[in-house]
2 protein chains.
Amino acid sequence: MKAAGPIELGEGKSSAPRAGVNRGMAILDFILRILAFIGTLASAISMATTNETLPFFTQFIRFRAEYNDLPTFTFFVVANGVVSAYLLFSLPFSIFNIVRSKAQNIRILLIILDTAMLGLLTAGASAAAAIVYLAHRGNVRTNWFAICQQYNSFCERISGSLIGSFIGVVLLMLLILLSAVALSRHK
Amino acid sequence: MKAAGPIELGEGKSSAPRAGVNRGMAILDFILRILAFIGTLASAISMATTNETLPFFTQFIRFRAEYNDLPTFTFFVVANGVVSAYLLFSLPFSIFNIVRSKAQNIRILLIILDTAMLGLLTAGASAAAAIVYLAHRGNVRTNWFAICQQYNSFCERISGSLIGSFIGVVLLMLLILLSAVALSRHK
């Protein structure tokens, strides 16, 4: 369980370059986690703070759109919040992998949790995307009208907040693949 | 690269039991793939064949509901079709893993493709679930009415067809975890 030396030393036949590559992958893992954390957190905040009040109102109704008018958007905010919290708490484990590149059990734990979080985040993002699509285009056959004609800036914000979430999905996929490759290199 | 012997022989210190467990995991991988294939195929067929024509009509409109009235359901059928086709084509590789339990590159290839398919299937299933929820409950704030009061059997069919897809999601997650554990055991 010796610490990985820098590549230049080249002690042993091939263990030092291998340890160098492993450490590089662990650092990449750490960076991807930070990026995914930023993306999902930005998505959650951006969706949760979106609301629009139209400049006209009747005696009984004030026209106001908020994210929690639609349960799917609430789920989206919760999913992004949970995943970003998980990514934040996984950072220490990722650092541990950089320092001790032979710790296999932590990698397996991370790959299990990453896969679960990938499922949660993809579910939240694509459910919200389905509703955003409906808000933009409506549906003639079911008489669901596009609400984006009235709530213009609301629609732009909720569409934009999907981006960070989908970036998070791609980054989580990369994290899983990285962990798989790292696991296969430990012989 | 010797073939794995049966457990009872116990030659070497621990390689024979290890190979036995590895083969067991490879067989479990094969079974899970078949189950996931059946689930996603059933979902795709069940959604694609759903339609309902109401027993009344006006001069201009015939009330008929089909899955492709909603683009999200079309995406659901395509996603389930693609994933079930992938699972079918991955079966030979899974068999190869049973026969030769040391082939690491195939495992990494499968873990990459499994993760991508997990993303696609989760996206399709949860987007469709968001729309099914809307069809059942409607939404007062956006004036989207529940269509399930009219199209009753249509709604039951599309709700049921989600089940196979979500079972497929869970099985794909298990497949990824199984591959990760299998990769970590190769030393």
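A salt bridge here means a side-chain nitrogen of Lys or Arg sitting within 4 Å of a carboxyl oxygen of Asp or Glu. In this predicted model, local features need pLDDT of at least 70 and side-chain atom pairs count only at pLDDT 80 or more, while totals for chains, interfaces and linings use all residues; side-chain values rest on heavy atoms, with hydrogens and water left out. Residues are numbered from 1 along each chain as its sequence is written, and chains are lettered from A, with ligands numbered from 1, in the order in which they are written.

One such bridge joins A:Arg33 to A:Asp29, with the closest N and O atoms 2.8 Å apart. Both residues belong to helix H1 of chain A and are 4 residues apart, about one turn of the helix. Helices (H or I, at least four residues) and strands (E, at least two) are DSSP runs, numbered from the N terminus. Over all chains, the structure holds 4 salt bridges.

Helix H1 spans residues 15-48 of chain A, and A:Ile38 is found there. A:Ile38 also joins A:Ile27, A:Ile31, A:Ile34 and A:Leu35 in a nonpolar surface patch, which adds up to about 400 Å² of accessible area. For patches, residues must have over 30% relative accessible area and no salt bridge; like charges are joined within 9 Å, and nonpolar side chains (Val, Leu, Ile, Met, Phe, Trp, Tyr) within 5 Å. The areas come from the Shrake-Rupley method with a 1.4 Å probe, and for residues only the protein chains shown count as cover.

What does the record add? An unreviewed UniProt entry annotates residues 30-50, 70-96, 108-135 and 162-183 of chain A as "transmembrane region"; such annotations may be inferred rather than shown by experiment. Residues 70-96 are 96% helix and 0% strand, with end C-alpha atoms 41 Å apart. For residues 162-183, the figures are 100% helix, 0% strand and 32 Å.

Now for the pair of chains. Chain B lands on chain A after a rotation of 180° with 0.0 Å of shift along the axis (RMSD 0.0 Å), by least squares on C-alpha atoms of residues with pLDDT of at least 70 in both. That is the relation of a two-fold axis. Contact (heavy atoms within 4.5 Å) links 38 residues of chain B with 38 residues of chain A. Across this interface, 0 salt bridges turn up.
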